[in-house]
Amino acid sequence: MSRTHQPDPELTHRLTRRGMLGVAAGATAAALLGTTAAPATAAPATAATGRGRPVLPPGRLGIQLYSLRDKVSTLGFAPVFAELEKYGYDEVEFAGYTQGSAGPITLAQLKRLARNHGLTPIGSHVGYYSNDPNAYTFAQNLTKVLDDAQALGLKHIGTASGPFRYGTTVDAMKRAAEEFNTYGAAAKARGMKFYQHNHSEEFSFATDQPQVRLYDVLLRETDPGLVYLEMDIFWAYVAQFRFSKRPDGTPAPFEPLDYVLRRPNRYPLFHVKDGESDPSNPFGYRMVDVGDGDIDYQKFISAVTRLKGHRLAHHWQAEHDNPTESFTFARRSSEHLHSLREKC
């Protein structure tokens, strides 16, 4: 897999057409950072990889704002959104509506700010449950969670919490699935989709039935019309490394992409997170910026978007849990993903 980042002529042209607002806003952000911003059109364009159509569908590149939490907490949302606009992002997924941002902000202001920078709030991560009855979670404050999501105009509202509230048995997973169905029904009544974001442990095996993969129970027991999935592709491949054998050592191989191809309607959202293969690491990968790793996103995204009727049915959110420099991560990820082309 190529680990070079080549600016895409199509992206450069699109950024030029977005006008001077993004350039001016980017300059403001750079001033706050103590650096000089170059106009988005200043970078020379080189040939994109491949000759086919772009792998990434138009208008579907987002970013999980958790990756930029350091910038939001020090600069506030406005300079961060300005940078994302400059980098060619279309959508944002929230990880809280303040993230320690510099200065108070209301949901109405946040929605307007995103819109002013050409960004669509597409989803948000909220906790699943807590021992605190007043906690901002689905289990404790479902109505408030949905009220806020609706105020932001979100199409999706979900959780990155594991479905392990009741343990790791088959029945425990069924109980969590039943609660997810309840949240999904409530979200659907508001015109939204409830989703769960995986890490690797969801693909482990039930402690009481070690031949059964927990993720398969979750899929089977949740109503496909009420509960959706956001596959974190990195963690799914970590799971492939960790859980391709059952506890007794018998083979149990799986391919993350196959889960999606069998049920494409259940995966409206994805986390595009990259990893460099490292068998000495207990997770099998070291997390790196998108494009610097070994996960074949040209293959993965193409396979999903080439399904009939699915070109624009999914949303691709770049993410890195702990980037070395978060703005650099966001810029390079956009450049790489926009440069990918389908094979002729």
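Helices here are DSSP runs of H or I with at least four residues, numbered from the N terminus. By that count, Q298 sits in helix α11, residues 297-305. The model is predicted. Its protein chain carries twelve helices and ten strands. Of the 344 residues in the chain, 53% are buried. Contacts reach far along the sequence: among those between residues at least 6 apart, 77% join residues at least 24 apart.

**Nonpolar core**

- The largest nonpolar core holds 83 residues.
- I63, F81, L84, F94, I157 and F300 have the most contacts inside that core.
- In soluble globular proteins, nonpolar side chains tend to be buried together.
- F94 touches Q64, L65, F77, F81, L110, P121, G123, S124, H125, L152 and L154, leaving out residues up to four places away in sequence.
- Two of the residues that F94 touches, F77 and F81, are buried residues of α4.

**Helix α4**

- Helix α4 spans residues 77-87.
- The helix is mostly covered, with ten of its eleven residues buried.
- The buried set is F77, P79, V80, F81, A82, E83, L84, E85, K86 and Y87.
- G88 follows α4 and has a positive phi, near 95 degrees.

**Two α4 residues: P79 and L84**

- P79 belongs to α4. Its relative accessibility is 9%, so P79 counts as buried.
- P79 and H117 lie 38 residues apart along the chain, yet their C-alpha atoms are separated by 10.0 Å.
- L84 is also found in α4. Its relative accessibility is 0%, so L84 counts as buried.
- L84 and L119 are 35 residues apart in sequence, and 8.3 Å apart from C-alpha to C-alpha.
- L84 touches I63, L65, L68, Y89, V92, L119 and A330, not counting residues up to four places away in sequence.
- One of these partners, I63, is listed with L84 among the residues with the most contacts inside the largest nonpolar core.

**Helix pair α6 and α7**

- Helix α6 covers residues 138-152, and helix α7 covers residues 170-189.
- Their axes come within 11 Å and cross at roughly 5 degrees.
- Angles under 35 degrees count as roughly parallel, so α6 is roughly parallel to α7.
- From α6, F138, A139, L142 and L146 meet Y183, A186 and A187 of α7.
- The residues of this contact divide into seven nonpolar, no polar and no charged.

**Q298 and the C-terminal segment**

- Q298 is buried, with a relative accessible area of 14%.
- The Q298 side chain reaches the backbone oxygen of R341 at 3.1 Å.
- Beyond its neighbours within four places in sequence, Q298 is in contact with V55, L340, R341, E342 and K343.
- E342 lies in the segment after α12, which covers 326-339.
- E342 has 8% relative accessibility, and the cut-off for buried is under 20%, so E342 counts as buried.
- Leaving aside neighbours within four places in sequence, E342 is in contact with G52, R53, V55, Q298, S302, T305, R306 and R311.
- V55 appears among the contacts of Q298 and among those of E342.

Terms used:
Residues numbered from 1 in each chain as written. Predicted model: local features only at pLDDT ≥ 70, side-chain atom pairs only at ≥ 80, totals over all residues. Heavy atoms only, no water. Core = buried A, V, L, I, M, F, W, Y, C linked by side-chain atoms within 4.5 Å. Buried < 20%, exposed > 50% of the residue type's maximum accessible area, 1.4 Å probe, protein only. Contact = heavy atoms within 4.5 Å. Axes fitted to C-alpha atoms, helices over the stretch in contact; angles between N-to-C directions. Parallel < 35°, antiparallel > 145°, perpendicular 65-115°, else oblique. Nonpolar A, V, L, I, M, F, W, Y, C, P; charged D, E, K, R; others polar. Polar contact = N/O pair within 3.5 Å; in protein donor to acceptor, adjacent residues only side chain to side chain.
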